[in-house]
Amino acid sequence: MSTLPNKIEETKKVSRQDMAFCLSRRPETEQVVFGSSDAQLYELNLAGEKPEAVAFEGEGHSSYITGLARSGKGNFLISGSYDRRLIWWNAGTRTRVREIKDAHAKWIRKVVASPDGTLIASVADDMVCRLWNAETGKLVRELKGHDLETPHHYPSMLFTCAFSPDGELLATADKTGHIVIWKVTDGSMVKALEAPTMYTWDPKARRHSIGGVRALAFSPDGSQLTAGGIGKIGNIDHLGGKARLRTFAWEKGETLAEMESDEVKGMVTRIHYHPEGKWLLALGGDHKGLAMIVDTTANKIVTETRTPANHAHDFVFNESADRIYVAGHNHVTVHDLRTA
Amino acid sequence: MNPIPLQPGCRIADHDVSRRAFLSQSLAVGSGALLGTSGALHALDEDSLNLTLKKTGRSVILLWLAGGSSQLETWDPKPGRPTGGPYATIPTSIPGIHISELMPKMAQRMHKISVVRSLNTKDGGHGTGAELMLRGRKNEAAIDYPDMGAVFAKELGRANSRVPGYVSFYSQSEGRGNTRKTSAFLGAEFAPMNLDEGMMPPNITRLDDISGLDHRERAELREILSARFASKYDSDSVRSHAAAYARVQGLMSSEKLFDIEQEPQAIRDKYGPTRFAQQALMARRMVEEGVPFVRVARAWWDSHGQNFETHAEMVPELDHVMATLLDDLEQRGMLDSTLVVAMGEFGRTPKINASLGRDHFASAWSTAMFGCGIQHGAVFGKTDEDGNTVVEDEVGAGEIFATVLRAMGVNPHSEYQVGARPIPLVNPGIRAISPLLA
């Protein structure tokens, strides 16, 4: 869908007792795999009338599964968990292939595949990004450029990462709003950016923090980078801040736009650009789900709305970018994007 | 119930005041001092005398976890359950007992502490829950009860002490008001010195334009005027205020007590750079100088959104501070005379909400304590597999209050006389948790 959509219509909902944190779709199908708070991976064929989730087999994770990526040839699904492990799965047989037990020293927050599917990037609260060979599971490179602690002496968190469309760059972002862009081939640091409004430190009333950059996406031409999160938050007991996006012309280190929602509160957890780059979609939420559509030529939020389902943690487009598959709190849903 | 008594935390023989010495000192200063209070109706029976002897030189440090920390991310994890959250558990120094992976330092010291996993306090409000936990009961329409700090300031405070009886650090503003009504009928003398903004009391130093002589003469004048006023309008309130003034004057001469720079840098580094850590160090410093009760509030744990990240930030700090305080007290030989209690107004719901938060929950939660008068390595009570209900050894706020009193050598069933009404320190029928007592 290249025209700017302004309506997000839920067409299918699979209610769950658990939380679905991450999701991968088998290309050209309605079949998705999602990672759950019950430490299982499930396959779900959303083309069916009453989709039944089928659990992957064999010894898996022991905590929330928060990252899921598909290797280039589509043979493997690679999952990452708060249990610090990465597990390679045979996507066809839903069986375990290999495990990297100590892939990270702390919670793994996100796992993504490079555009050609040959590399897997994982980020974790040990503040390290690691690149892995998607086929062999061999460690290729470590990227270290995020501080272990916040400026207030508390543990920081490395939430998210995203490859550039040509696969040459990787962006990583942390709790304090620090973003680093890396050259994938040699691990050198290309650029550092800041999104400080996405980090809320309350020095007076509650003396802890909340927020951080939770989502990153490069524009299809690679010139822009959009970060998503929440902030500033008055009462950090809740996710009661405005959903927030910041778009950079990253090579110049310039902020092109900081966009906050006037309509919906909550945290942006996932961003995808439309393949032609004319708009982007951001999802997330507080208790409820939220969706924002941004006209990327004007860098302006054109649609901001609550979604019928709860907080959304992850989503993917179909090939024509007129349908999304969403993993969230107590649900997996399908939504069609339309122009009213 | 898994009480594993390894060694008692405190013995009469450990104290440096013998019964003979104590009696001779007490007789010298009068029976009021012997009883520890002018109003408490302690009978001079053997039990009361033993308790009175035991409480000499003792102090309490309350780590007040304001806003309500999660028992599931600390002392009572439920791994693998839908309510359990993402954290793993780790074994502790007590075989078979696991706690959250966020507390590795306390896990190593589990055999030195006691944990209660079976609190059902039935009040999920911040203000009312704080009132309940700090008093062991709810205020009545006709009477406000003194909080734990005021009671210990009265019961453990030394006559003519130059240090305050009750110091309260509460640097964050959220929830501070819930801890403000304190001494009630005990009077201003036992109200806390509130240190909200810094660690040094404001205006503690003599103004430059007042000479030392002027300062002394002003104090003498105030004492004369106060005595004259008291001779005509004597009351508990007047006496209490006079005592409070005298203590303030004492404070002005103990400026260094509040100066953390007096601590060696190595000790400060051990505690760490956070404000909570530095205030815990100050608490140890004050206890060392004879302050009977210090509250160090760490707010604000109210994690309705992103509970796990909030606890990832705050529990490691709590773990480090508790472990460092325990080690420090032990190395200084103060663990037998200092009780440390870590609790808030309630725990948090086992159910995880859509913001990945946990809400208020008072039905099945935990607290921990170590040091003077408390059993080593006891884990008391049990919740169900999801942490929704207490299934073994349910206790409430009153039992915790009574346990702390008993551990410190204060008879929970002694009474204050308020007008014509005797007021027991705990409500009738409330008992200390005896398996926790050394």
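# Close-up views of a two-chain model

Chain B is built from 12 helices and 17 strands. Keep in mind as you look around that this is a predicted model.

**View 1. Chain B as a whole.** Let's start with the full chain before zooming in. Chain B has 438 residues, and 58% of them count as buried. How much of the contact in this chain links residues far along the sequence? Take the contacts in chain B with a separation of 6 or more: 76% of them come from residues 24 or more positions apart.

**View 2. The largest nonpolar core, with Met106(B) in focus.** This core has 66 residues. Which of them have the most contacts inside it? They are Trp75(B), Met106(B) and Met286(B). Helix H11 of chain B, residues 307–331, gives the most to this core, chipping in 11 residues. Zoom in on Met106(B) and you can pick out its neighbours, leaving aside residues up to four places away in sequence: Met106(B) touches Trp75(B), Ile99(B), Ile113(B) and Phe370(B), and also Asp319(B), Met322(B), Ala323(B) and Leu326(B). There is a second, separate core too, with 52 residues, including Tyr166(B), Ala299(B), Phe346(B) and Leu436(B).

**View 3. Where chain B meets chain A.** Each chain brings something to this contact: 32 residues come from chain B and 32 residues from chain A. How big is the area buried between them? It is about 2800 Å², with carbon and sulfur atoms giving 52% of it. Three residues are worth finding here: Glu309(B), Glu313(B) and Ala354(B) supply 25% of the area that chain B buries against chain A, more than any other three residues.

**View 4. Polar contacts and salt bridges across the interface.** Now for the polar side of things. Between chain B and chain A, 19 residue pairs are in polar contact, counting pairs with both residues at pLDDT 80 or more. Six salt bridges are also found across this interface. Look for one formed by the side chains of Lys175(A) and Glu313(B), at 3.5 Å from N to O. Which element gives the largest share of the side of chain B that touches chain A? That's H11(B), with seven residues. Sorted by class, that side of chain B has 11 nonpolar, 12 polar and nine charged residues.

**View 5. Thr200(A), tucked into a strand.** You'll find Thr200(A) in strand S17 of chain A, which covers residues 199–201. Is Thr200(A) buried or exposed? Its relative accessibility is 5%, so Thr200(A) counts as buried, the cut-off being under 20%. The side chain of Thr200(A) reaches the backbone nitrogen of Ile233(A) at 3.2 Å. Ignoring residues up to four places away in sequence, Thr200(A) touches His208(A), Ser209(A) and Ile210(A), along with Gly231(A), Lys232(A), Ile233(A) and Ile236(A).

**View 6. Asn90(A) in strand S7.** Asn90(A) belongs to strand S7 of chain A, residues 86–90. With 27% relative accessibility, Asn90(A) counts as partly exposed, because that category lies between the 20% and 50% cut-offs. What does Asn90(A) touch, not counting residues up to four places away in sequence? The list is Phe56(A), Asn75(A), Thr95(A) and Val97(A). A polar atom of the Asn90(A) side chain also lies 2.8 Å from the backbone nitrogen of Gly92(A). If you zoom out to look for Thr255(A), its C-alpha is 41 Å from that of Asn90(A), and the two residues are 165 apart in sequence.

Technical notes
Residues numbered from 1 in each chain as written. Chains lettered and ligands numbered in written order. Predicted model: local features only at pLDDT ≥ 70, side-chain atom pairs only at ≥ 80, totals over all residues. Heavy atoms only, no water. Core = buried A, V, L, I, M, F, W, Y, C linked by side-chain atoms within 4.5 Å. Buried < 20%, exposed > 50% of the residue type's maximum accessible area, 1.4 Å probe, protein only. Helix = DSSP H or I, 4+ residues; strand = E, 2+ residues; numbered from the N terminus. Contact = heavy atoms within 4.5 Å. Polar contact = N/O pair within 3.5 Å; in protein donor to acceptor, adjacent residues only side chain to side chain. Buried area = accessible area lost by both parts, 1.4 Å probe. Salt bridge = Lys/Arg side-chain N within 4 Å of Asp/Glu carboxyl O. Nonpolar A, V, L, I, M, F, W, Y, C, P; charged D, E, K, R; others polar.
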